[in-house]
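Grab a pencil and work through these exercises with the model open beside you. Try each task before you read its solution.

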Amino acid sequence: MTQNTPLSPRLPRLPLHPEDVAHRVLSAAQLRARGVSAAQTSAQCLPGGPWQHLLPGVYLLHPGPPTGRERLHGALLYAGRPPSSARRATAGPADAGYGESMVTGVAALALYGFATAGDVEALHRIDVLVPRTRRLRSTRFVEVLRAASMPRAVRVGELPVAPVERALADAVAGTVDAACVRRLLTEAVRDGYCEPATVVRELSEVKLLGRPAVVGAVDSLLAEGRTVAEARLYAMVREHGLPEPLWNVELRLPGGPPLGGVDAYWPDQAVAVELDARAPRYGAPGRRGRAEEDPRWSAHAAKREHLERLGITVVHLSPRKLREAADQQATVVRTALMAAADREPAAYVMVLPR
């Protein structure tokens, strides 16, 4: 008997494709849509039978152990099944059956390719995110997490996956090892999956910033973000043929107080570049998007205004813009350098190493 051979004369022929996970793991509703009754399904799952009961309402259509991908698919089918009041609705044969559910946490990071998360096949637990209103219990290898507001899923292959920032927050929530938290957050920024500010925003939203394992890791995250942003700035200047600036310097009026540090400065054109690699501060958890008044922001704005009063053009670049639109940012800097010839000469400032 081959995998494509009907398992019983009374059982409808199912399109079992060894390479297609979606045909090896099916929900009860999907089996019904293919003409397989509940009694026939139960018969196939008897001891020694060709099928297995993988999760409540989810079936594995072969006798061997499930692969990591099959477990992921099964977890989504379990979490995506409709409420009992709507369970009699028949799913179409092509219906993925995931509903609004999506993979999150360490499993999602593994799908994105995080080395720290390990291999998909070695996952012992799969976190799935569902709307807060769903009444669904965690079971076996599936941990059900709820969200008051569901994020927009990202498709990784055929699977809906939480955005990196949300998956990170859910992974951190389930991890007490500070070293592991630090590795996850550092990899997310170092390898370009996301920016520090978006990670801190998500950690704040789910009320994790005060956890002992997170506090020190956030400092490492911001330091890593700064290093990555500086490397992108260096690459932008050199790859787009901009004049070489003075890097990481402090400006000072002769005999006066410091004017502040800048990441790059072209003294002949009086143009400075500042990177914004800081993370915002947030108010009470749950007040999304409402930032507290931060003295650092006020000091930053005051410094910029002071430099511009002295005739120094300050170009503000964000790490995200450098990552996603380096060509555009190089044009902004080049335009500022070219415009220097049409401006009044800037005040003389001293340039010191920072």
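Helices here are DSSP runs of at least four residues and strands are runs of at least two, numbered from the N terminus. Keep in mind that this is a predicted model.

**Exercise 1: the whole protein**

Task: find how many helices and strands the protein has, and what share of its residues is buried.

Solution:
- Start with the count: the protein contains 11 helices and 13 strands.
- For burial, the cut-off is under 20% relative accessible area. By that rule, 46% of the 354 residues are buried.
- Now the outside: the accessible surface is about 17800 Å², and carbon and sulfur atoms hold 54% of that.
- Last, look at contacts between residues at least 6 apart in sequence: 60% of them join residues at least 24 apart.

**Exercise 2: one glutamate**

Task: work out where glutamate 70 sits, and decide whether glutamate 70 is buried or exposed.

Solution:
- Find the element: glutamate 70 belongs to helix α3, residues 68-80.
- Check the accessibility: glutamate 70 counts as buried because its relative accessibility is 1%.
- List the neighbours. Leaving out residues up to four places away in sequence, glutamate 70 touches Val21, Arg24, Val25, Leu54, Leu60, His62 and Pro65.

**Exercise 3: two helices side by side**

Task: describe how α6 and α8 cross, using their axes.

Solution:
- Two packed helices are described by the angle between their axes and the distance between them.
- Get both values: the axes of α6 (residues 178-190) and α8 (residues 212-239) come within 9 Å and cross at roughly 25°.
- Name the arrangement: angles under 35 degrees count as roughly parallel, so α6 is roughly parallel to α8.
- Give the hand: α6 and α8 make a right-handed crossing.
- See who makes the contact: from α6 the list includes Val181, Leu185 and Val189, and from α8 it includes Ala217, Leu221 and Val228.
- Sort the contact by class: 9 residues are nonpolar, 4 are polar and 3 are charged.

**Exercise 4: positive phi values**

Task: look at arginine 140 and alanine 270. Which of the two is buried, and which is exposed?

Solution:
- Know the background: most residues other than glycine have a negative phi.
- Take arginine 140: its phi is positive, about 45°, although it is not a glycine. Arginine 140 lies in the loop between β5 (126-131) and β6 (142-147). Its relative accessibility is 62%, so arginine 140 counts as exposed.
- Take alanine 270: it isn't a glycine either, yet its phi is positive at about 55°. The loop between β10 (258-266) and β11 (271-275) holds alanine 270. Alanine 270 is buried because its relative accessible area is 7%.

**Exercise 5: an enclosed helix**

Task: find how many residues of helix α4 are buried, then look just after α4.

Solution:
- Count: 7 of the 8 residues of α4 (residues 105-112) are buried, so the helix is largely enclosed by the rest of the structure.
- Name them: the buried residues are Gly105, Ala107, Ala108, Leu109, Ala110, Leu111 and Tyr112.
- Step past the end: glycine 113, just after α4, has a positive phi of about 105°.

**Exercise 6: a histidine and an aspartate**

Task: what separates the C-alpha atoms of histidine 300 and aspartate 276?

Solution:
- Place the histidine: histidine 300 is in helix α9, residues 295-309.
- Check burial: histidine 300 counts as buried because its relative accessibility is 15%.
- Read the distance: the C-alpha atoms of histidine 300 and aspartate 276 are 9.8 Å apart, and the two residues are 24 residues apart along the chain.

Technical notes
Residues are numbered from 1 along each chain as its sequence is written. This is a predicted model: local features need pLDDT of at least 70, side-chain atom pairs count only at pLDDT 80 or more; totals for chains, interfaces and linings use all residues. Side-chain values use heavy atoms; hydrogens and water are left out. Buried means under 20% relative accessible area, exposed over 50%, partly exposed in between (1.4 Å probe, protein chains only). Contact means heavy atoms within 4.5 Å. Accessible areas come from the Shrake-Rupley method with a 1.4 Å probe; for residues, only the protein chains shown count as cover. Axes are lines fitted to C-alpha atoms, for helices over the stretch in contact, and angles run from 0 to 180 degrees between N-to-C directions. Angles under 35 degrees count as roughly parallel, over 145 as roughly antiparallel, 65 to 115 as roughly perpendicular and the rest as oblique. A crossing is left-handed if the near helix is turned anticlockwise from the far one by less than a right angle, and right-handed if clockwise. Ala, Val, Leu, Ile, Met, Phe, Trp, Tyr, Cys and Pro count as nonpolar, Asp, Glu, Lys and Arg as charged, and the others, Gly among them, as polar.
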